[in-house]
Structure formats: C-alpha cells, structure tokens
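Grab your favourite viewer and work through these exercises. Each one sets a task, then walks through a solution.

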Amino acid sequence: MLTKCHSILVMSYWYLKELILKENNTAIGITVYSPNQEELLNIKTLYNESFQFLYYLNSEIDKTFFNELDNVEFIGNGTNDGLGVAINSIAERAYQRNFKYLLILDQDTKCNIYELMQNVDDELTHFQKNAVAYHLNSKYRKRNKIGDFIINSSTVFDLENFKKLGGMSSSYFLDGLDYDFCLRSWDQNMFIYSLPMMDYFDHNSLQDGLNLKIFNRKFNIRKYSQSRYKEIELSYRNAFLFSIRRKFYRAFMSLLKSYLIFKCSRLASKIIFIRG
C-alpha cells in the first residue's frame, strides 16, 4: 500500500512539473566559459526547477556538479565556438522545445530568477508583434522602444522574430555581436524595448577587473589581450560604417559615445595595471 502511494505521489510530482514547464513561455540560456568555483556556484544558484535551463559549453566543465538539477540541458562540445554560435544554438534548441522567448544571462549574473520571471511574463503581454528583443537591465525606468544599443546579457529574445532576423551574426566571435544585432533589427523595422528591471540584477560583484566610479558613472576597468582589443576596434568600425550607410545618425552618436568610453577605459587600464 505504501509503495503504491509513493508511486502515485512521484507520478503526480512529475506531472505537475511538466505542467508548470509547459505553462512557461520563456527558456533561460547561459553560455559557460571557463567558470571559476564562484561562478559555478552562481550558475547553480540561478537555477529554479520551474524553468528550462539551457547551458552552452564553450569550455569543458564537470557536469556532475549539476547532477541533482532537473530541467537542465547541455549544448556544445566544450570547445570555444564564440558567443554568437552559442546564443544561436541555445535559441534553436529553445525554439525546438516550443518556447516563445529566451532569456540570456551571463554566468556571473546574479538575480532572483523566480521573482524576475514572474515580472517578465507580465511585462511581455504589453508589446507589439514585431518586437525582437526586450532589454531587462535597462537604464530606462519605464517601458520604452529604444534606439540605444543593448547588450546580450539580461535580454529576452522573441524566438520567432529572432529566427526571421537570422539570429546573431557568425562574423563576430564575441565583441560587436550586440551592435550588429541592434543595427540589423532597426534595418528590418523590428523593435527593441526596454523593461525597467535593472534592480533585479547584479552584474558586477563576480566580474574581474577594477570597478571605478567616475562622474557618477560606474566603470569596470579590465586588461584585455591585444587580439581582443583589435576585435573590439574592428567591431566598432563595422558598426560605424553600417550606421552611416543606413543613415542611423542617432545610433552613430551612441556608438561614438561608447567608443570614447572604451578608449578612456583602455587608457585607464594601461595606467592602472602598469603601476600595479
């Protein structure tokens, strides 16, 4: 009798879990690359069994660390294929699983997933059909259609429109993906919206580098390799050319501001890390 009751309870548990997953329209994707112990623990902390998590492995990790977690799927073979390939692969898998939206997070992003997703589901009911992305970590304090550039992390993508746009460009390994995605979205008359959810996120405490506050603005000063700096410079050049050709003058000015901040940050990193 006890064995039968136990079997019924177990079956009921899995049925309810499947029901909850089917009701969720949003999958959660994280690209995993050489995480340290703190970042591994953070990935595990982000987990909530009510949601489908898709991890793209851009490096090898010990998967047994996640053995006790349900609704977790690993993609990739542990080689660094670049962020564009990772996001596109996660998006394709989420689309195959019949999810409507995909939330992308970094492995060092801290947030309360359950609380965040409750608010996201409510917010997504307010927008138009040609919206391709919703940036949650936005400086705007109200719902907005934005012309500024967004970053991939803490952004929800509408998977149907993401596929129509062609996803992320494979021409970029890491830097420039977000600029290219935004410019192509605007060129195809697809909208990017901001959602006022910045307070849910902590992007800084697990990042390496030095955090500085200058003119009431936070900067993370890091020392990159020369090849990384060249990649960043090339991504800016391509974005500048695209915005000029399409007469996206507001985007051009936003890019220029971002580029000047990048150059100042690079100069500061030279001074700080040389002295160190």
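Which residue stands opposite Leu105 in E4?

**Exercise 1. Place strand E4 among its partners.**

Solution. One thing to keep in mind throughout: this is a predicted model.

Step 1. Start with the opening question: Ile30 is the residue opposite Leu105 in E4. The pairing behind it joins strand E1 (residues 26–32) to E4 in the parallel sense, over 5 bridges.

Step 2. Now look at strand E7 (residues 155–158). Its pairing with E4 is antiparallel and runs over 4 bridges. Here Leu103 sits opposite Val156 in E7.

Step 3. Check how covered the strand is. In E4, 5 of its 5 residues are buried. Tyr101, Leu103 and Leu105 are on one side, Leu102 and Ile104 are on the other, and both faces are covered.

**Exercise 2. Work out how E8 is oriented and what it pairs with.**

Solution.

Step 1. Sort the side chains of strand E8 (residues 191–194): Phe191 and Tyr193 point one way, while Ile192 and Ser194 point the other way. Every one of these four is buried.

Step 2. Find the partner. E8 pairs with E5 in the parallel sense, over 4 bridges. To get your bearings, locate His135, which stands opposite Ser194 in E8.

**Exercise 3. Map the nonpolar cores.**

Solution.

Step 1. Take the largest core, with 41 residues. Leu102, Phe149, Phe181, Leu183, Trp186 and Tyr236 have the most contacts inside it.

Step 2. List the contributors. Among the elements that give two or more residues to this core are strands E2 (53–57), E4 (101–105) and E5 (131–135), along with helices H6 (177–187), H7 (226–245) and H8 (249–275).

Step 3. Look for another one. A second, separate core has 33 residues, including Ile43, Phe66, Val156 and Leu195.

Step 4. Zoom in on Tyr236. Skipping neighbours within four places in sequence, Tyr236 is in contact with Tyr179, Leu255, Ser258, Tyr259 and Phe262.

**Exercise 4. Describe the second largest pocket.**

Solution.

Step 1. Get the volume: about 220 Å³ of space.

Step 2. Pick out the lining. It has 14 residues, and Lys100, Tyr101, Lys129, Asp158 and Glu160 lie nearest the pocket's centre.

Step 3. Break the lining down by class: 7 nonpolar, 3 polar and 4 charged residues. By element, H5 provides the largest share, 3 residues.

**Exercise 5. Two non-glycine residues have a positive phi. Are they buried or exposed?**

Solution.

Step 1. Take Ser34, in the loop between E1 and H2. Its phi is positive, about 40°, although it is not a glycine. Ser34 counts as partly exposed because its relative accessibility is 47%, and that class runs from 20% to 50%.

Step 2. Move on to Lys247, in the loop between H7 and H8. Its phi is near 60°, again positive in a residue other than glycine. The relative accessible area of Lys247 is 59%, so Lys247 is exposed.

**Exercise 6. Find what Asn48 touches.**

Solution.

Step 1. Go to the loop between helix H2 (37–46) and E2, which holds Asn48.

Step 2. Leave out residues up to four places away in sequence; Asn48 then touches Phe53, Ile113 and Tyr114.

Step 3. For a distance check, take Asp70: Asn48 and Asp70 are 22 residues apart in sequence, and their C-alpha atoms are 8.8 Å apart.

Terms used:
Residues are numbered from 1 along each chain as its sequence is written. This is a predicted model: local features need pLDDT of at least 70, side-chain atom pairs count only at pLDDT 80 or more; totals for chains, interfaces and linings use all residues. Side-chain values use heavy atoms; hydrogens and water are left out. A nonpolar core is a set of buried Ala, Val, Leu, Ile, Met, Phe, Trp, Tyr and Cys residues joined through side-chain atoms within 4.5 Å. Buried means under 20% relative accessible area, exposed over 50%, partly exposed in between (1.4 Å probe, protein chains only). Contact means heavy atoms within 4.5 Å. Two strands pair if DSSP finds at least two bridges between them. On a 1 Å grid over the protein atoms alone, a cavity is a set of points where a 1.4 Å probe fits but cannot get out, and a pocket is an open set with protein on both sides within 12 Å along at least five of seven lines; lining residues have an atom within 4 Å of a point. Grid points are joined across faces, edges and corners, and a volume is the space filled by probe spheres set on the points. Ala, Val, Leu, Ile, Met, Phe, Trp, Tyr, Cys and Pro count as nonpolar, Asp, Glu, Lys and Arg as charged, and the others, Gly among them, as polar.
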